[in-house]
Structure formats: C-alpha cells, structure tokens
There are 2 protein chains.
Amino acid sequence: MNDTRDPDASRAEPEIPEASESVGGMSPAFIAQFVGAVGDGDKPLLWRTVKDLHPADTADLLEHLPPEAFRKAIHLLGKDLPAEAVAELSDTARLDALNELTDAAVTAMIGHLDSDDASFLLNDLEEDRRARILNKVSATDRAAIESALAFDEETAGRLMQRAFVAAPVFWSVGQAIDHMRTVPEDDLPEIFFEIFLVDPAFRLQGTVPVSGLVRHPRETPLQAIMKEAPVQVRPEMDQEEVAYLFRQYNLASAPVVDDAGRLTGMITIDDVVDVIQEEAEEDILALSGVSEAGVNQSVFSAVRARIPWLAINLATAFLASAIVSLFAPVIDQVVVLAFLMPVVAGLSGNAGSQALAVAVRAIAERDLQGSMVLRAIRREALTALVNGLIIAWAAALVVLIWFHSPTLSLVIGSAMTLTFCWAGLVGILAPLTLRRLGADPAVASSVFVLTSIDMASFFVFLGLATIFLM
Amino acid sequence: MNDTRDPDASRAEPEIPEASESVGGMSPAFIAQFVGAVGDGDKPLLWRTVKDLHPADTADLLEHLPPEAFRKAIHLLGKDLPAEAVAELSDTARLDALNELTDAAVTAMIGHLDSDDASFLLNDLEEDRRARILNKVSATDRAAIESALAFDEETAGRLMQRAFVAAPVFWSVGQAIDHMRTVPEDDLPEIFFEIFLVDPAFRLQGTVPVSGLVRHPRETPLQAIMKEAPVQVRPEMDQEEVAYLFRQYNLASAPVVDDAGRLTGMITIDDVVDVIQEEAEEDILALSGVSEAGVNQSVFSAVRARIPWLAINLATAFLASAIVSLFAPVIDQVVVLAFLMPVVAGLSGNAGSQALAVAVRAIAERDLQGSMVLRAIRREALTALVNGLIIAWAAALVVLIWFHSPTLSLVIGSAMTLTFCWAGLVGILAPLTLRRLGADPAVASSVFVLTSIDMASFFVFLGLATIFLM
C-alpha cells in the first residue's frame, strides 16, 4: 500500500512524518500513513509512532481513525499502548478500546495510573471484568480504586487521587525534602504542587506550595510558611462545585478531607479543567436541545441525543398551532396576519433566548444569589421593555410602509412590546425556578421558554388583531 | 442604622458574620452589614472584614454592592484594598474601582502584582494616567509592564508573567535550590510549578517540575531529570490556542519563547482557566445573539449588547414574511396553512440549532479537522434525514387526524423532511464556512442558519401546498 515504509523494526527513525502541522491538528497525511501501518499490521512502526507522541496526541490520533482501523490499532498495540493515552480518549472511544484490550493489558495500565485515572478507566467495565482485573492489581491500588468507585459519579471523590504528600506540622523544610527523597518513587504522586501539613490524627492543618520548600532555608519550620488551605473539599461535593472553587481561588490543587477533617485525597487542576470544559459544553448543547455530542458520534447516537427534544417540540408546536387555529376567522379576513406571525413570534423568541442564555451563564457562574436575583430580574424586565419598544415600533413602521394600515401597524407594535416583556421575564424566571426545583436550568428552560413565548405571541398578536381589525 | 457594630478599631474581632453560607454564595446578611458599615464610613471595620477574606471573595463582595456603596467602599478602603482583589473584579467593576482610586493607591497595587496582572490593571486606564502611574513604579516593573502592553489583547504575551525561574542546564538539583534560596524574594514568582533550563543564550532546553527538585537528591544533574517542554508558547499566540494546549497536555504552567527560542515568560494555569471559562461563555452567549453579559451589567449596556442581533433579525424576519406573502393566494384559500407554518419553521429551526451547537462545540474543541470534517458533515446529513423522517411523518399523522386531509398531510410531511435536511446541512456548513473565512463561527452562524431555515421552510411548505392544494 505504501512503499515508503519498512517493516524492519530495527530502524530507529520512524518514517511517519511530524504529527501536527498546526496547533491542535493532526495532519491528514500523518493519519493516512498511520492507517496504512495499521492495515499492514506493522506493529513496530505503530509502536515507534506512539512512543514519540504525547499521550494526549496518541488519543487524538486514535480517535481520528476510522472505526475498523481504531480497533485494529488498539489490538496491535495491546499493552504497549500508554495507559495515559487510553485515559485521554473520549468516553465512547475509551469503552471501545477497553473492549479490545486483554485483561492483562488493562491490569498493566491500571498499575501505571494514579488512582483517579485508574478508577475512571475501570468504571467503564462490566462488573465481573472489573472484579477480575481488580484481583490482579496490588492490594494498595485495589483499595484506592475501590474506595474511589464507592463515591457517586461527578463528585470530588471520583476526581481525587489517593497519592499526595503530607508532613507533620512540626517538621522543617529540610525534613520534608529529605522525606520525599527517601520514600519509594511510587509512593509520591507523579506531579504535585503543594504538600499538606497534618496533626497526629491526620487532620489538615495547612498547606505549603512546593515552590515554598525550595525558596526557604532547610531549617525553616513548615509552620512558619504554611497557609490555611483556601478550601477543603469534601468527597461528596459535586464536581461543578469543585470547579467553581478552583476558579474562584486560582488553585492548582486542593486537599480532600473527610467528616472528621482527616486528609483523604488531593484533586489537581488538570482534572478540574476537564470538568470546567465539560460543564460549559453541556450548557451549550443543552440550550440547543442536544443531550450529548462527540467527535466520533454515530448517526444512531446523534439521533438518540436529539430526537427527545424534537419530539417535545413537536407537541408544543401543535399547541401553538391550536392557538393560531382559534383565530382562523381573523386570518381568513386579513391574510397579511399570516405573513406577520413569524415576525412577532421569531423576534420575541430571540429576545427570550438572549435572556435565557444570560441567566444560564450567570447561574453557572454563581452570579445569581441573594440580592443579585432581584437586581437581575429588574434588569431583564427593563431591557426587554427597552428592546421591545425599539424593535416593536421599528416593525410597526415597516408594516405601515408595507401595508399602509395604521391599525395593523399599531396592532403589531403593541403586540410585540407586550411579548418582548413576557420573553424577558420568562427568560430569567424559568431557569431560576428550575434551579430552585433542583433541575438543571440549561436543559429544561429552553423548551419551556420558547413554547410559552410562541403561544403568547400568537395569542396577543391575533387577539389584538381580532379586536381592532374585525 | 445597625447598632450591633462598634466603630472602635481597637477591637480585634470583626463583627460582620461569616462571609459565605454555602459554596459560592455571599450571605445577604453579610452583604447588608457591609453596606451598613460603608454607609457609616466605618473604615476600620471595612478593613478588618476585607483583611480576613480571600481576595477573590473580596472582589465578589464588592461586586454584590449597590453602585453607590461600591464606589464609597473603594474610596474608603483606598490603598488598603488588596491589589489581588482589584485584579479579580469583573471588567466593568474593575474600571469603576480604578476610577475611584488615587494614583498613589494604584501605583502601590502595581508594585504588589505579577507583571501579567499589573498590565491587566493598567490596560484599563486612559493613556496619560497610565503614563503617570508607570513613571512612579520601579524601572524593572515598568519595563515588564510596557512590554506586556505591547502585545495584542487576548494573546499569550498578555497572559504571561515576566517572573519565572530559569537555571543553566548544567546545574544540579542542589545548585538550583540554593539559587532560589539566595535570590531576593521579589525576584521569584509568587508561585511556580516548574523551573526552566536554558543554555547560555537563554534558549529553552527543558523543564523540571518543582516537585522533581524535592524528590531527587541534591547532586542529581538537572539534565538527568529534565523533560522536553510539551509546548513552547509564542507571545503572539491567541489565548484560545494557549488554553487548548493547556487542556490537551494537562499543563500547570508553560514557557513562552521568542522567535530565537529564548525564554521570555511563563503562563500559569490560573490565568488559562479564566480564558477557558470566558471562551465557553462567549460561545453560549454568541449562539443566542448576546455580545456581552455580566453580573452587574446596566440596562443600557444590556440593551446595547442585545439589540444589534435583534435588529438584524428584524430585517431577516421580514425577508421570511416576504416569502410568505408570495403565497397569499394559497393561504387565503387554505387558512389551516397559517396554523401549520409555525410547526414547519419551528421544528426545522430546532434541528438547525442542534446541528449548529454541535458544530460550534466541535470547532471550539478542535475536533473538526481534516478527514473529521467530511465525516461530521455526513453524520449531520444522515442525522437530519433520520430525525426529519421521524418528526415530519409524526407531524403528518397529527395533521391527518386533525384536518382529515391526506393531501395536506403529505404536503407537510414532505416539506418537513426536506427542510430538516436543509437545517442539518446549513447547521454544520455555516460555521465551517465562517471558520474558513476567519470569522468566529459562534457569532455569525446563528442568524444565518435560522434565517435560511425559516425562508426555506415557508418556501417549501407553501410552495408544495400551492402545487397540491390549489
């Protein structure tokens, strides 16, 4: 297929060209050559390519392969596939990869990962395969993974790792450094940004950034340079709350403590960045009625992720139809009302979407609390009124020029002013109400807001038309 | 106003209760008491309260104040206001605060901040005030700030700080630590996660995490534990690219190098987290036609942020009206078409919004590259077809039951199948085209996609109705 490659594994230079032409892109040529190597079953070449890539880039490369090549690549690489690359795969790809890998390969990977990533991987497996693999890993790893899996998904307990550095509060800088230099390499986290100071009962007393250890003399007591941890995360805390705290306090890592204040784990920023990104994406998709999306989503799963909202909207659209049908006589007599219905409903709908997006964002940002709620409602009402007045009477002017009917112009102007106010209010009140009810404001608001605006628009516009034009 | 407070500054305990009742919330009682203290001009109490808060919480507290109290609080606190709290304020609040503060207070703050935050603050000032203040800070600070301000906004050059730790590549762990213990405290960044190794020309050779320094013996050569930096950021790089790289490679910090490969700065994750959050929010708002939103936005600025999109939509809505008006004869004859127009346009519009949200998210994630583009277009086309067939013929069934007209039912079913396919295609092709043209896919797509779907819906539905029902 491709005569520039050489199956001889002893050649040191990989023949596949540089991975990325630009930031964040795999060059199509690179992917094509990798696919070629997979087709030829050229294990040494695959291995050399993967070895030179960052695990995140390996994950990207694998995700860019056609499904058949993806499975074959995973199979060929087997336990040579870096564990970190598997952890970086998207949800569906990770699942496919784990299904392709042998138990032995997965067991070896688990041993290489921090407990948070290891439990993340194992979480995807069916129960008996998980048990089989857990039986083969070391007792310490097993205990850490099992206790992580005991926490609910999307909580701090799942994000945290069991490996962290703690030191008695009475140690000096030098003692802490000497300790880290003597414990076995594997007992320390792969990377860490702070050490935690604890009392004899392992209760958290304070924290010292690692950079603090190297800028102060060895004899400095840790107590002299420790700071109170700005936050202490509880394992049950929702991951969205954790992300908020990391952003609010510019954290690189944070301690996790149990009911008794004892240190049980550490959360690092890299895991939190993924959460921040996921939550923001969820909001974008939810506002448009999509429950899930992914780079390699199948048509079947895309349909499944989108059809529920369309089905709900089908029902609500016919509700709006029913409202319109109440006004058949006036439409029959004044057909131009049919031309203008989309203008009234469309623009009010947009004003509602704007208010909704602003409210959903503010809720996600924790900006709508206490007295801010009333202030925001007041702002939305006034903004809707001002925008309504401007847009409604601009529309009225167009209608006056187009149809030479002052009455029709007054009808559309008044109708739109009213429906804009309704749109602004429902746009902020719906997500606030849903939050109070404990529902996700982004998911459910959109249907409710847009349907109620459509219905209000048709009712008010055609109602006023019936009164003034018949 | 509030007799529980005591103006006597010598009392050590602040009388204002705990700041936050729950994660991410300021208790209304706490805010009310702070407002009271501002009203009384009780400087010592204000100062004691702020001193005990994290700067990010101080910023939150200030933003929650009514505008008048905000200005008075800033004025009363003056140079006792922590510089970090000012840097944490939202854009408009920061501007207001800087206007309230004296030059002397701002100068003092600049001296306390890393160069990235300092230039961030100064960027907001009018040119002559900025020059006046820059004249009073130290020459080193001034040079760092001026070179930061020379870079475009939203680039790596603005995010980076000038303070970082670099060591010659031939040093040992012990030499590096000793160096950090002897240089003046102010020459080191407040916090850092890695040190950079450079050759005599200050070209970046590699990087060692600070945790690597404390886990290896003093005599270890840095070269033995250094890794190649997974990314080298260029100062001109767009901040969105920087955020992508941090996410992709799980970075806590990254070196910034100039054309010649010389180390010029460092970017840390806390600044990048803000960028990630901002970019995701921008996409959410842009998809709904809002250019800007904020917790304390005025009605005037909310109107300004939303009316351009509404004005564009007013024009496009009348375009759709004009399409409908072409079909006045058929509507006049079959008034039920007016009831069903919103169903066709509304549902196709939703299908288009779904495709658009998925595409905008995938573009932001750098998921739509090379061969993935064709795969995504194929998926969207097929998903639209499947969803279209299901929803269109469900709608046709409802119409058949409601109006007992097989022809009308066939007309709406065929029309919706076609408009769903159009919606799916335009939903993915519009953002891809805008990206190719160098425009922001989130901002401009929404208007274009929804207008074209509205027009197509009315044209196809009423056109088919004219053919088959007249």
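**Exercises on a predicted two-chain model**

The two copies meet through the same surface, because 100% of the interface residues of chain B are also interface residues in chain A. This is a predicted model, in which local features need pLDDT of at least 70 and side-chain atom pairs count only at pLDDT 80 or more, while totals for chains, interfaces and linings use all residues. Residues are numbered from 1 along each chain as its sequence is written, and chains are lettered from A and ligands numbered from 1 in the order in which they are written.

**Exercise 1. The interface**

Describe what each chain brings to the contact, and state how chain B is related to chain A.

*Step 1.* Begin with the numbers: chain A gives 105 residues to the contact and chain B gives 105 residues, where two residues are in contact if their C-beta atoms, placed from the backbone, lie within 7 Å. On the chain B side, the largest share comes from helix 19 (residues 336–364) of chain B, with 18 residues; helices (H or I, at least four residues) and strands (E, at least two) are DSSP runs, numbered from the N terminus.

*Step 2.* Sort the chain B side by class, which gives 67 nonpolar, 24 polar and 14 charged residues. Here Ala, Val, Leu, Ile, Met, Phe, Trp, Tyr, Cys and Pro count as nonpolar, Asp, Glu, Lys and Arg as charged, and the others, Gly among them, as polar.

*Step 3.* Superpose the copies by least squares on the C-alpha atoms of residues with pLDDT of at least 70 in both. Chain B falls on chain A, with an RMSD of 0.1 Å, after a rotation of 180° with 0.0 Å of shift along its axis. That is the relation of a two-fold axis.

**Exercise 2. A loop residue in chain A**

Place Leu368(A) in the chain, and decide whether Leu368(A) is buried or exposed.

*Step 1.* Leu368(A) belongs to the loop that links helix 19 (336–364) and helix 20 (371–403) of chain A.

*Step 2.* Count its surroundings: Leu368(A) has 23 C-beta neighbours inside 10 Å and therefore counts as buried. A residue is buried if 20 or more other C-beta atoms lie within 10 Å of its own, exposed if 12 or fewer, and partly exposed in between, with C-beta atoms placed from the backbone.

*Step 3.* Once its neighbours within four places in sequence are left aside, Leu368(A) is in contact with Ala362(A), Ile363(A), Val373(A), Ala376(A) and Leu432(A). Leu432(A) is 64 residues apart from Leu368(A) along the chain, and 8.6 Å separate their C-alpha atoms.

**Exercise 3. One side of a helix**

Find the buried residues of helix 10 (residues 139–149) of chain A, and work out how they are placed around its axis.

*Step 1.* The buried residues of helix 10 of chain A are Asp141(A), Ala144(A), Ile145(A) and Ala148(A). They are on the same side of helix 10 of chain A, because they cover an arc of only 95° around the axis, the arc being that of the directions from the helix axis to the C-beta atoms.

*Step 2.* The elements that cover these buried residues include helix 7 (103–112), helix 8 (115–122), helix 9 (127–136) and helix 11 (156–159) of chain A.

**Exercise 4. A hairpin in chain A**

Explain how strand 4 (residues 253–257) and strand 5 of chain A are joined, and how far strand 5 is covered.

*Step 1.* The two strands run antiparallel and are joined by five bridges; two strands pair if DSSP finds at least two bridges between them. Within this pairing, Ala254(A) stands opposite Ile267(A) in strand 5 of chain A.

*Step 2.* The hairpin has five residues between the strands, and Gly261(A) takes a positive phi near 80°.

*Step 3.* Strand 5 (residues 263–268) of chain A has six of its six residues buried, so it is largely enclosed by the rest of the structure.

**Exercise 5. Positive phi in chain B**

Compare the surroundings of Asn250(B) and His404(B), each of which has a positive phi although neither is a glycine.

*Step 1.* Recall the background: most residues other than glycine have a negative phi.

*Step 2.* Asn250(B), with a phi of about 50°, lies in the loop between helix 15 (239–248) and strand 4 of chain B. Asn250(B) has 20 other C-beta atoms within 10 Å and is therefore buried.

*Step 3.* His404(B), with a phi near 50°, lies in the loop between helix 20 (371–403) and helix 21 (406–436) of chain B. His404(B) has 9 other C-beta atoms within 10 Å and is therefore exposed.
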